[in-house]
Number of protein chains: 2
Amino acid sequence: MSTPATVNPFLEVVQARRSAMNFVEGVKIPQSELEEIFSHTRLAPSAFNLQHARYKVIADPELKEKVRESAYGQYKIHTASAVIVVLGDMHAYEQAPEIYGGLKMLGAMSQEEYDGVIGAINQAYIGKEAFQRDEAIRNASLSAMQFMLIAKDKGWDTCPMIGFDPEAVKNVLGLPDHLVPVMLITIGKDNQRKIRPRGYRKPVGEFVDFM
Amino acid sequence: MSTPATVNPFLEVVQARRSAMNFVEGVKIPQSELEEIFSHTRLAPSAFNLQHARYKVIADPELKEKVRESAYGQYKIHTASAVIVVLGDMHAYEQAPEIYGGLKMLGAMSQEEYDGVIGAINQAYIGKEAFQRDEAIRNASLSAMQFMLIAKDKGWDTCPMIGFDPEAVKNVLGLPDHLVPVMLITIGKDNQRKIRPRGYRKPVGEFVDFM
């Protein structure tokens with residue numbers, strides 16, 4: 001008998017997560033499972049801990065078809081258990097007093113530290129729309145990657161999608177302008193019959209320089 | 001004796017990863033470990049599999065101090081084993097023929113499929129600078145989150161940082177304009193003596209809507 005390969009359960013999830021090309025139709029995803037996935041997703045880091053990421057989970061078939069129309073009719077939205085609109089909040093900085101108020105009240109942060117961090121946040125964001133938008137995209141994307149890995153660990157397949165019309169998505173959901181549609185994520189059970197080889201990945205030497 | 005809590009080794013990594021506030025000074029990170037972390041990082045998804053993320057790993061103390069100056073002198077860059085500049089390539093789409101050529105040659109993709117995907121990529125990116133920039137930030141951030149989780153699994157602590165002057169970083173590294181500095185990541189061994197409680201996280205109901 002050969003020695004079994006060293007198993008690393010964390011890396012197994014990283015390696016198993018692949019963008020699903022299609023989903024088994026008719027599979028429902030329980031809201032409780034999504035809530036559990038999100039309860040871990042929220043541990044993802046964000047600039048100043050402002051938690052810019054917002055999620056709209058659309059399982060309702062009729063609304064899902066409307067989002068599908070905003071995404072050039074892509075079939076995998078039809079077969080997915082849900083389509084999730086990942087948003088980044090350009091006004092996330094406005095919640096800084098709520099986010100830091102608790103730490104101050106608990107004595108884990110002095111008034112001086114609190115004033116320092118609120119001042120730094122205001123200086124970084126207020127009136128800086130381009131930066132607010134970059135931050136919305138950046139921090140929502142960090143959160144989305146953590147979401148997709150946790151979903152895989154729970155047995156759910158995902159596919160991040162950029163092929164959609166952001167304005168159409170905003171109209172369908174009635175979103176205010178400060179919420180930037182960052183990506184769609186379809187989630188469901190991968191239709192294994194249609195699986196294809198993993199896409200080519202560049203060797204490390206082609207995207208990393210050591211200096 | 002109480003029943004032991006169910007252990008999920010994947011979620012343990014997710015829960016253990018926290019943004020390091022400071023690092024143990026003088027810890028060297030072997031290049032081979034970083035190469036292994038990156039060999040798994042590259043499995044992260046990207047739009048059209050274009051792999052927009054690029055990394056500059058700066059362990060050289062002198063160059064690290066120069067990057068520190070571009071980041072308002074932040075002390076944790078001084079104590080970190082390395083500072084990593086995460087870049088997003090606005091011109092990633094130019095590599096599409098290399099990325100898809102192999103699949104076509106291997107027969108995993110027909111000429112028609114190949115032409116279709118190259119056409120879709122060109123249509124999405126060529127001449128669309130704002131979209132190119134969004135994509136650089138979005139896809140580099142997906143990659144960066146995967147990097148930080150894998151690093152934690154290997155015993156390395158990280159902190160993503162947005163407090164830096166992108167132009168200064170570009171000057172220090174001599175970067176062309178199509179490479180967008182998306183974030184810095186400091187990496188090393190967390191100085192546990194200075195650890196503080198995890199920042200407040202919003203409950204799921206405050207950032208997720210089910211529809």
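How many residue pairs are in polar contact between chain B and chain A, both residues being at pLDDT 80 or more? In this predicted model, the count is 40 such pairs. Several elements of chain B each give two or more residues to the side that touches chain A, namely α1 (9-16), α2 (31-41), β1 (53-58), α5 (96-105), α7 (129-153), β4 (179-188), α9 (204-207) and β5 (208-210). Of the side of chain B that touches chain A, the largest share is that of α7(B), which supplies 15 residues. By class, this side of chain B comprises 43 nonpolar, 12 polar and 19 charged residues.

The extent of the interface was assessed next. Chain B contributes 74 residues to the contact, and chain A likewise contributes 74 residues. Between them, the two chains bury about 6,700 Å², and carbon and sulfur atoms account for 63% of this area.

Charged side chains also take part in the association. Four salt bridges are counted between chain B and chain A. One of the salt bridges in the model pairs the side chain of B:D134 with that of A:R133, at 2.8 Å from N to O.

Backbone pairing between strands was found across the two chains as well. Strand β5 of chain A (residues 208-210) is joined to β1(B) by three bridges, and the two strands run parallel. Within this pairing, A:V208 has B:Y55 of β1(B) as its bridge partner.

Attention then turned to the chain A fold. Nine helices and five strands make up the elements of chain A. Their order from the N terminus is α-α-β-α-α-β-α-α-α-β-α-β-α-β. The C-alpha trace of chain A spans about 60 × 50 × 40 Å along its principal axes.

Over all chains, the count of salt bridges comes to 18. Among them is a bridge within chain A, where the side chains of A:R54 and A:D89 meet at 3.6 Å, N to O. Because A:R54 lies in strand β1 (residues 53-58) of chain A and A:D89 in strand β2 (residues 82-89) of chain A, this pair ties together parts that are 35 residues apart in sequence.

Confidence values accompany the prediction. For chain A, the average pLDDT is 94, and 96% of the residues score at least 70. The model as a whole has an ipTM of 0.95 and a pTM of 0.96.

Terms used:
Residues are numbered from 1 along each chain as its sequence is written. Chains are lettered from A and ligands numbered from 1 in the order in which they are written. Side-chain values use heavy atoms; hydrogens and water are left out. Contact means heavy atoms within 4.5 Å. Buried area is the accessible area (1.4 Å probe) that two parts lose on being put together, summed over both. A polar contact is a pair of N or O atoms within 3.5 Å; within protein, one must be able to donate a hydrogen and the other to accept it, and residues adjacent in sequence count only if both atoms are side-chain atoms. Helices (H or I, at least four residues) and strands (E, at least two) are DSSP runs, numbered from the N terminus. Ala, Val, Leu, Ile, Met, Phe, Trp, Tyr, Cys and Pro count as nonpolar, Asp, Glu, Lys and Arg as charged, and the others, Gly among them, as polar. Two strands pair if DSSP finds at least two bridges between them. pLDDT is the predictor's confidence in each residue, from 0 to 100.
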